[in-house]
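I opened this model to look up how its parts meet. My notes follow in the order I made them.

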Amino acid sequence: MSQAKLEFLDRSRTFWNPGKTQDWQDMGIDLVIDRREGYYLYDMDGQRLIDLHLNGGTYNLGHRNPELVEALKAGSARFDMGNHHFPALARTALAEALAACAPAPDMVYTAYGSGGGEAIDIAIKTARHATQKRKIVSIIKAYHGHTGLALKTGDDRFSKLFLSEDTQGEFIQVPFNDLNAMEDALRGRDVAAVLMETIPATYGFPMPKEGYLPAVKSLCERYDALYIADEVQTGLMRCGEMWACTKYDIEPDIMVTGKGIGGGLYPIACTCIAERCGGWLKEDGFGHISTGGGAELGCIVAMKTLEIVQRPEVRSMVSFISDYMRAGLEKIMAEYSDFFIGIRQHGVVMGLEFNHEQGAKPVMKHLYHNGVWAIFSTLDPRVLQFKPGLLMTQADCEEVLRRVEIGVGLAREELMGSLRRSA
Amino acid sequence: MMQPQIRNLIDISDTPAALKGKADMVLERARWAAQVFQRYDRDATMAIVDAVAQAAHEHAGRYAEWAVEETGFGVVAHKKLKNELTAHPLVEHYRDQDFVNVCVDEARKIVRIPRPAGVILALTPSTNPIATINYKILIALMTRNAMVISPHPAARACSVDAVQTLADAALAAGAPDGVIQVIADPSIALVEELMASPKTAVILATGGTAMVRSAYSSSTPAIGVGPGNAPVFVDATADIDKAAKRIVESKSFDNSALCTNESVLITLTEVDARLRNSFKQAGAYLCNDDDASRLRRYLFHDRGFNIESIGRDATWIAQECGIRVPTSTRILLAPITHIGVEEPLSREKLCPVLAYYVAKNRAQAISQARAVLRLAGAGHSAAIHALDERVAMAFAAAVEAYRVVVNVPCTQGAAGFATALAPTFTVGTGFFGRSSVGENIGPGHLIHWTQMAYNNDVAETFGNYHGLTQDFGGPLPQAPSDGVPGSNGYRGATAEQHAGSLPGVTRDELRRMIAEELRAVLRK
């Protein structure tokens, strides 16, 4: 490590976040991201990393995608954040663009947050207003953000720390893929909404069982609860369609998109709301106020993002990348079958499962030292989040596979020693 | 209820970033397709080729009509024939050549492994839009390449539709998605981006000189071809009647929209009268000096050749010029007394007008033929009608053309449809014509070979490569969409499907169709 980086890390510990800074050092990841371009990150000491973390799809289209940069630059010649109190050209234009590609035909409204957490809060508030009920059902180990309401729907690791967990019994969590638990939670008809990541990301992408999500939607209908689809990590073509929920035949009442929609350049998040659920927007349109939410420059970038991801070439490339990565990973899995035991996949949303309760951490470390950046699942460290970008080149995919084969081998050796591989 | 609209508040579509973004995306999709295509074995490849040829054949008539309607160039029946010739017969021509499997040369102790170019950027012209598209797509598919087609704007609509039709047929036959793509909106700026991109392996450029030069300037490897301006020499030893008939057949074929058409006829004093008479019999109209001036003024503006006249009927052109001709007139013969810069009629004419020059002797005739190609069309085509092979040899060795066709219509002959030359719609003009290739372009130009070479020393034995092939994986198995009904997890290698054989057409039927088409061309 360079002297410059050592000094920088001290500053980071002193002025920014001592815990987070140190944790990475303890995990053997001394990454300080400096330059970035396409799917490459460059550490401040110069090491190149192929980015398969993408911050949950934030960098779907690559870092500093030139078309998005151009849209942002050109947009800044006319717009700024805008005045959130007034009808605004860019906010409405983006709302229309979202309505045009929404997963349900009656999803006409978009309310804006400045990040995914805020957009989830808007979704929850909208559902509560529409149903005049308070309870929200989410999935154990779900992750929807760190704002007031979103925080209560997630793992208590993040809420208890701040004495911010639910104490009113308004936030119920049930196991994923457990329809009985879901029905038990809804049976009382006192639930405003079920909040569902189509594929729970931070939990390591466990995949919904066949029929699970449609059954949850039916239960919502039976017990008068709304279905909120959190498409922050699964939307925008990552599953091969604009929104993953449509692949599971879900027409949500409310949908949240964030991260990737801002192209990694201008933070913005959107809550798309079916007309019949958006009563508050008529009753008191000033009900949710957000100075930064739906900033118009963000809207400009988001519209370009939507336009790009809907090009036919992108659909084709997502399919190639999914198939190619899978074929390559299958070979690596066969080679290290006693360690690398499973692949969860829907499109370019992938989770690699290892036969060790912390298995993904050494894999992450060895990939890091072999030029690939992919992060473990915070809430299930057996699983490595493996998230190729939508526009990855064949050459880069081949590079990733070459490096993953090496990295997984080293991680296996570290955890299991040089034991004979099982056949 | 009000419907949502996509309203573009900030338009960046003309910026370099947007153009590059668009070009990159199309080309990267093609690169993916090319990579996967290289996993296909020969049977799977040829099944796709045959299916696409069949689609090209079935739509030959419709696109012929569409092309003539859109561009105004050429003759529907002839365009249909060209579209058909560039379907099954083109494939049959290469049927026995293997561009997929390794090739073992025991004697030289060399093993050759075919390596497709990858992504080919094809520029297609307005004069022969569909035939060129058929031909380029098929030679790309035979060699397991991906192709991006950028059509000439004047033939945009029919070209885009035709490429899409063939791309759909390829996909249906098992080709990787995106193996054939078309640029629906081919602006000059976008085409320049596509040409300059390192994602393009080679540019296959057929069209105007400016575009071809631009391809060569792009820094990407290019196979570009120059314009034609074929001289045809009718020698005293020629069968004069047959020569006149063939030349009329050639010049009137698609009204000379092919660049291989004869442009300047050169004959000898002693043949002149007989030849004129034979031409008259064959349906040519012999212009007088006044007619020739009218033609000269009409066909050549200060800016160059009048594109209005490209591929038009002889009678239509005569009428435009105010020349009265019989309605049965198939070509116009315009006598000229000079060849070179001072005589525009000695330049390329993509219409059924043939300049007619009488030389004093063979030496002068050859010298004038060289002058025709010096003016324009270097490296392209020339024709001779002669029974004396010494004359033919002297002519062919002198003119700077890489194909000299003998006693045959030049239009069809030089393009490989009435000779044993490779059937083509891209005629390599070689070094004479500032091009990289001097032959008729075929599939062989779209691959290179990795050569495994063994030690010459007789003591070192060559390996036994019998029965060894590259590792053909076939199409990539489809990745699962876990939890989606019907996705059924990952099926791995067992999911690999191979494209079926050509449906509905037996080999015999195919042969019959080809024979019919060839007879039609060779009728003369």
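**Where the two chains meet**

I started with the contact between the chains, which takes 39 residues from chain B and 52 residues from chain A. I am working from a predicted model, so I keep in mind that every value here is computed.

I looked up the buried area next. Between chain B and chain A it comes to about 3,600 Å². Carbon and sulfur atoms give 67% of that area. Which residues of chain B lose the most area to chain A? I found B:Leu9, B:Met25 and B:Trp32. Together they make up 22% of what the chain B side buries.

Then I went through the polar side of this interface. I noted 2 salt bridges between chain B and chain A. For one salt bridge I wrote down the partners: the side chains of A:Glu96 and B:Arg7 meet at 2.5 Å, N to O. I also noted 10 residue pairs in polar contact between the two chains, both residues at pLDDT 80 or more.

Which helix gives the most to the chain B side? I traced it to helix H1 of chain B, residues 16-37, with 12 residues. I sorted the side of chain B that touches chain A by class: 21 nonpolar, 11 polar and 7 charged residues.

**Inside chain A**

I turned to the domains. Chain A is divided into domain 1 (31-64 + 312-416) and domain 2 (66-309). I noted that domain 1 is given as two stretches of the chain. The centres of the two domains, taken over C-alpha atoms, are 26 Å apart.

How many residues of each domain are in contact? I have 30 from domain 1 of chain A and 34 from domain 2 of chain A. The area buried between these domains is about 2,600 Å². Carbon and sulfur atoms give 62% of it. On the domain 1 side I marked A:His346, A:Val349 and A:Leu379. These supply 29% of the area that domain 1 buries against domain 2, more than any other three residues.

I found 1 salt bridge between the domains of chain A. The side chains of A:Arg315 and A:Glu241 meet in a salt bridge at 2.9 Å, N to O. Across the domain interface I also have 13 residue pairs in polar contact, both residues at pLDDT 80 or more.

Which elements supply at least two residues each to the domain 1 side? I listed these from chain A:
- helix H3 (54-57) and helix H14 (312-335)
- strand S11 (340-346), strand S12 (349-354) and strand S15 (380-386)

The largest share, 4 residues, comes from H3(A). By class, the side of domain 1 that touches domain 2 divides into 12 nonpolar, 13 polar and 5 charged residues.

**Overall form of each chain**

I counted the secondary structure last. Chain A has 16 helices and 15 strands. Its C-alpha trace spans about 65 × 55 × 45 Å along the principal axes. I checked the radius of gyration of chain A, which is 21 Å. That agrees with the value near 22 Å for a compact globule of 423 residues.

Chain B has 17 helices and 17 strands. Its radius of gyration is 25 Å, close to the 24 Å that the globule rule gives for 524 residues, so I noted chain B as being as compact as a globular protein of that length. The C-alpha trace of chain B spans about 85 × 80 × 45 Å along its principal axes.

Technical notes
Residues are numbered from 1 along each chain as its sequence is written. Chains are lettered from A and ligands numbered from 1 in the order in which they are written. This is a predicted model: local features need pLDDT of at least 70, side-chain atom pairs count only at pLDDT 80 or more; totals for chains, interfaces and linings use all residues. Side-chain values use heavy atoms; hydrogens and water are left out. Domain bounds come from an automatic or database domain assignment. Contact means heavy atoms within 4.5 Å. Buried area is the accessible area (1.4 Å probe) that two parts lose on being put together, summed over both. A salt bridge is a side-chain nitrogen of Lys or Arg within 4 Å of a carboxyl oxygen of Asp or Glu. A polar contact is a pair of N or O atoms within 3.5 Å; within protein, one must be able to donate a hydrogen and the other to accept it, and residues adjacent in sequence count only if both atoms are side-chain atoms. Ala, Val, Leu, Ile, Met, Phe, Trp, Tyr, Cys and Pro count as nonpolar, Asp, Glu, Lys and Arg as charged, and the others, Gly among them, as polar. The radius of gyration is taken over C-alpha atoms; the globule rule is 2.2 Å times the number of residues to the power 0.38.
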